[in-house]
Amino acid sequence: MDVSRGSGVLELGDIRVHILSDGRFALDGGAMFGVVPRMLWQRTDPPDERNRVSLGLNVALVETAGQRILVDTGMGDKWSEPDRAMYRIDRSTTLLDGLRGLGLGPEDIDIVINTHLHFDHAGGNTRLQEDRAVPTFPKARYMVQMGEWEDATRPHERSRASYLEANFVPIAEAKQLAPVQGEVEVAPGVRVVPVGGHTAYHQMVVVEGGGQRLLIPTDLLPTTSHLPLPYIMGYDLFPVGSLEVKRRLLKQAAEEKSWIVFYHDPRTPLARIRQERERYVVSEGGA
Ligand SMILES: [Zn+2]
């Protein structure tokens with residue numbers, strides 16, 4: 001039961017987790033909170049003049065058994081000026097700067113887990129080299145559920161705007177794609193678990209060590225504002241599926257005092273939760 005924190009590091013036994021920021025961006029508040037009226041969500045997430053709410057991009061770097069693993073890669077840097085304005089992209093901190101701060105370069109990453117392939121999770125997978133997108137992490141295997149890969153490469157009208165080929169096709173071309181199917185231990189103490197909901201094959205990451213558990217549910221539980229059960233993103237393709245998985249996850253996380261990474265939270269990237277009557281609340285924030 002030895003979890004200690006300091007300078008943004010979470011230790012679970014021999015496993016070390018850093019939370020790095022790939023900056024911020026903003027999305028329509030209505031889309032972020034689904035069926036919840038603005039009158040309610042604007043209390044915790046005040047929108048700007050274009051109805052957008054501020055979002056973080058909190059990327060976990062997991063170090064276990066000599067392997068360095070990133071969970072998602074943020075927005076990356078391949079954005080046009082109009083897109084930067086539309087999504088209010090703020091690159092004052094970046095994932096690569098965060099790695100550099102730890103004395104690491106892109107070649108030090110062994111595994112990239114993509115929880116899914118939407119642009120705010122896979123944007124940093126690739127970078128531009130003379131107008132051509134190439135893998136940002138030259139030695140990494142990029143792990144994504146096979147079903148998510150198939151859906152991303154054959155998008156439909158509802159999903160097309162979220163899947164940008166430049167974020168994932170170059171990974172396959174460079175033979176760095178390592179598709180997984182179902183629940184898989186990708187490194188000692190690090191598992192991917194399909195959860196569906198947001199996309200059919202969205203996966204979360206579970207890290208276990210030293211008797212402690214860390215959950216990285218990304219878009220199943222994007223911010224601490226999404227702790228109430230009906231607060232489910234309008235983007236979700238299968239919102240009732242999200243609800244059922246979220247109900248179980250919150251109950252278990254509160255009972256077991258698991259740490260949770262809130263991938264999109266602009267203020268609280270890492271926290272534990274507890275149950276307070278019918279609600280779940282943050283009991284301890286960190287990093
Ligand atoms: Zn997202």
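In the residue classes used on this tour, Ala, Val, Leu, Ile, Met, Phe, Trp, Tyr, Cys and Pro count as nonpolar, Asp, Glu, Lys and Arg as charged, and the others, Gly among them, as polar. The structure on your screen is a predicted model.

Begin by selecting the zinc ion, whose protein donors are Asp120 (OD), His121 (NE2), Asp219 (OD), Asp219 (OD) and His264 (NE2), at 2.0 to 2.6 Å from the ion. Along the chain, these donors follow the spacing D-H-x97-D-x44-H. Now colour aspartate 120 and aspartate 219, a pair that links distant parts of the chain: aspartate 120 sits in helix H5 (residues 119–122), while aspartate 219 lies 99 residues apart from it, in the loop between strand S14 (212–216) and helix H8 (239–256). Aspartate 120 is buried, with a relative accessible area of 7%, and aspartate 219 is buried as well, with a value of 3%.

Keep Asp219 selected and add Leu220, Pro222, His226, Tyr231, Ile232, Met233, Asp236 and Ser242, which together with Asp219 line the largest cavity. This cavity has a volume of about 30 Å³, and its lining divides into five nonpolar, two polar and two charged residues.

Finally, turn to the largest pocket, which holds about 350 Å³ of space, by selecting Ser225, Leu227, Pro228, Arg279 and Tyr280, the residues nearest its centre among the 14 that line it. Strand S17 (residues 279–286) gives the most to this lining, with three residues, and by class the lining of the largest pocket has eight nonpolar, three polar and three charged residues.

Methods: Residues numbered from 1 in each chain as written. Predicted model: local features only at pLDDT ≥ 70, side-chain atom pairs only at ≥ 80, totals over all residues. Heavy atoms only, no water. Donors = N, O, S within 2.8 Å, 3.2 Å for Na, K, Ca; no water. Helix = DSSP H or I, 4+ residues; strand = E, 2+ residues; numbered from the N terminus. Buried < 20%, exposed > 50% of the residue type's maximum accessible area, 1.4 Å probe, protein only. 1 Å grid on protein atoms, 1.4 Å probe; cavity = no way out; pocket = protein on both sides within 12 Å on 5 of 7 lines; lining within 4 Å. Points joined across faces, edges and corners; volume = space filled by probe spheres on them.
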